[in-house]
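Work through the exercises below with the structure in view. Try each task before reading its solution.

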Amino acid sequence: PFQIEENSQTKDEVRLKYRYLDLRRPDIQKNLMLRSKVAYLMRDFMAKEGFLEIETPMLCKSTPEGARDYLVPSRIHPGSFYALPQSPQIFKQLLMCSGYDRYFQIVKCFRDEDLRADRQPEFTQVDIETSFLTQQEIRDIMENMIRDVFKETINVDLPDPYPVMSWHEAMTRFGSDKPDLRIKGIELREITEQAKTSEFKVFRSATELPDGKVVAMNVPHAASMPRSEIDSYTEFVKIYGAKGLAYIKVNEKEKGREGLQSPIVKNLSDELLAHILEVTGAQNGDVIFFGADRAKIVYDSLGA
């Protein structure tokens with residue numbers, strides 16, 4: 001039904017119907033071997049760090065937390081059910097109270113909820129519990145484990161220590177607490193102070209809000225973007241509560257006001273325009289987008 005030797009674009013339904021053939025494919029074999037090696041290396045690392053591997057029960061009384069449990073009918077007690085735990089939280093606490101201050105398990109978890117790209121009905125996670133450690137000590141153990149696994153499995157040297165930024169820095173620079181640092185050259189720049197005296201009502205009124213922010217974001221080489229695409233972004237940011245998305249296209253920076261294209265340019269002073277160009281570092285061919293609202297709305301919309 002499909003070629004085993006090559007990674008063909010076969011539909012998942014066909015691959016799963018002939019799973020015994022699918023499992024012979026080199027990329028599937030590679031994945032399973034990699035997964036096995038990762039599990040082995042994690043176990044080895046945790047043992048060296050003094051962690052016990054303790055398995056916790058799968059069948060237990062339901063302890064409703066976030067997602068719904070799967071249920072397993074009991075033969076011995078008709079009409080009663082065991083629950084498959086989402087994660088064995090209650091057993092972790094029991095073990096900690098009993099003096100097992102370091103334990104881990106590679107454990108199957110079950111969640112009866114709608115499927116998403118990163119969520120299946122059952123999945124495996126590494127569960128690590130430890131007591132009497134500071135935040136930094138826990139981070140050091142996790143960093144070392146991941147660094148060790150990457151080196152031993154795919155021969156990648158991760159930095160030691162990892163780069164760290166505070167939540168506040170991440171939000172003010174990227175509008176997200178999980179920024180993708182592979183995207184270079186797009187960062188948020190706050191212009192709230194300078195906007196307080198602006199004649200542009202959208203900016204000025206935002207500065208009067210509690211926790212109000214006016215933020216600029218320069219997107220390099222985007223001036224060829226058609227108006228329809230900008231309009232689609234304007235609709236997109238409304239999902240996050242933003243009322244609109246002001247923008248300035250930088251056509252010829254050296255011409256000052258005349259080299260900028262935007263409906264809002266006429267409402268901004270020469271000083272504010274010069275400041276915006278300076279802090280964003282915008283060059284010819286760039287587009288500057290603006291968020292003006294309460295901090296959460298600005299960061300959520302521009303971050304997205």
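**Exercise 1.** Find which helix gives the most to the nonpolar patch on the surface.

*Solution.* Helix 5 (residues 135-154) does, with 3 residues. Helices (H or I, at least four residues) and strands (E, at least two) are DSSP runs, numbered from the N terminus.

Before going on, note how the values arise. The model is predicted, so local features need pLDDT of at least 70 and side-chain atom pairs pLDDT 80 or more, while totals for chains, interfaces and linings use all residues. Residues are numbered from 1 along each chain as its sequence is written, and side-chain values use heavy atoms, with hydrogens and water left out.

Next, list the members: the patch is formed by Leu34, Ile146, Phe150, Ile154 and Val156, with about 370 Å² of accessible area together. Accessible areas come from the Shrake-Rupley method with a 1.4 Å probe, and only the protein chains shown count as cover for residues. Patch residues have over 30% relative accessible area and no salt bridge; nonpolar side chains (Val, Leu, Ile, Met, Phe, Trp, Tyr) are joined within 5 Å, like charges within 9 Å. A salt bridge is a side-chain nitrogen of Lys or Arg within 4 Å of a carboxyl oxygen of Asp or Glu.

Last, take one member. Phe150 lies in helix 5 and counts as partly exposed because its relative accessibility is 33%. Buried means under 20% relative accessible area, exposed over 50%, and partly exposed in between.

**Exercise 2.** On which side of helix 6 do its buried residues lie?

*Solution.* In helix 6 (residues 167-174), the buried residues are Ala170, Met171 and Phe174. They lie on the same side of the helix, because they cover an arc of only 105° around the axis; the arc is that of the directions from the helix axis to the C-beta atoms. An α-helix has 3.6 residues a turn, so residues three or four places apart point the same way. The cover over these buried residues includes strand 6 (188-190) and helix 11 (295-303). After helix 6 comes Gly175, with a positive phi near 70°.

**Exercise 3.** How many residues does the largest nonpolar core have, and which helix gives the most to this core?

*Solution.* The core has 21 residues, and Ile248, Ile288 and Phe290 are among those with the most contacts inside it. A nonpolar core is a set of buried Ala, Val, Leu, Ile, Met, Phe, Trp, Tyr and Cys residues joined through side-chain atoms within 4.5 Å. Helix 10 gives the most, with 4 residues.

Conventions
Buried means under 20% relative accessible area, exposed over 50%, partly exposed in between (1.4 Å probe, protein chains only). Contact means heavy atoms within 4.5 Å.
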